[in-house]
Amino acid sequence: MDFTERVVAIVRGIPEGKTLSYGEVAARAGSPRAARAVGVVMKNNTDKRVPCHRVIRANGTLGGYNGLRGEKATLLRNEGALTSSQ
DNA sequence: ATAATGACGTGAT
DNA sequence: AATCACGCCATTA
């Protein structure tokens, strides 16, 4: 099991309406300092079964997205992970 | 084995 | 609060 495979597995297990930071995913993958590597994995990942849009930055910003399933902000808002107000 | 890349993170200015 | 610089890790050429 490579780091990438673990990252995918973890992201795939993120429940709806929930979000994890790259650092959190990296930590669960076994490398708490590999947030960037997680980003690389996400970018390269094209599997729609992986809710990669639920992975955001540690400071709360959405970070990036390749538009695999549309706009990241929209997807999260639909799941209730993003509050339209406040 | 080395260099370059990138959806990050934290600390300093 | 906003911006800059540096560090960190994994993957690929």
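This is a short dialogue on reading a predicted model of a protein beside a DNA strand.

Student: What should I know before I start?

Tutor: The model is predicted, so local features need pLDDT of at least 70, side-chain atom pairs count only at pLDDT 80 or more, and totals for chains, interfaces and linings use all residues. Residues are numbered from 1 along each chain as its sequence is written, chains are lettered from A and ligands numbered from 1 in the order in which they are written, and side-chain values use heavy atoms, with hydrogens and water left out.

Student: Which residues come nearest to DNA strand B?

Tutor: A residue is near a strand if one of its heavy atoms lies within 4 Å of it. Here 16 residues surround DNA strand B, and Y22, V40, R57, A58 and G64 come nearest. Of the strand's atoms within 4 Å of the protein, 38% belong to sugar and phosphate.

Student: Which helix gives the most to that surface?

Tutor: Helices (H or I, at least four residues) and strands (E, at least two) are DSSP runs, numbered from the N terminus. Both α2 (22-29) and α3 (35-44) supply at least two residues, and α3 gives the most, with 7 residues.

Student: Which polar contacts reach the DNA?

Tutor: A polar contact is a pair of N or O atoms within 3.5 Å; within protein, one must be able to donate a hydrogen and the other to accept it, and residues adjacent in sequence count only if both atoms are side-chain atoms. A polar side-chain atom of R57 lies 3.1 Å from a phosphate oxygen of DNA strand B. Base nitrogens of the strand are approached by backbone N or O atoms, at 3.3 Å for A37 and at 3.4 Å for C52.

Student: Which residues of α2 and α3 meet?

Tutor: Contact means heavy atoms within 4.5 Å. From α2, Y22, G23, V25 and A26 meet A35, V38, G39 and M42 of α3.

Student: Is N45 buried or exposed?

Tutor: Buried means under 20% relative accessible area, exposed over 50%, and partly exposed in between (1.4 Å probe, protein chains only). N45 counts as buried because its relative accessibility is 10%.

Student: Where is N45 found, and what is it in contact with?

Tutor: N45 is found in the loop between α3 and β2 (55-56). Its side chain reaches the backbone nitrogen of D47 at 3.2 Å. Leaving aside neighbours within four places in sequence, N45 is in contact with V50, C52, N66 and L68.
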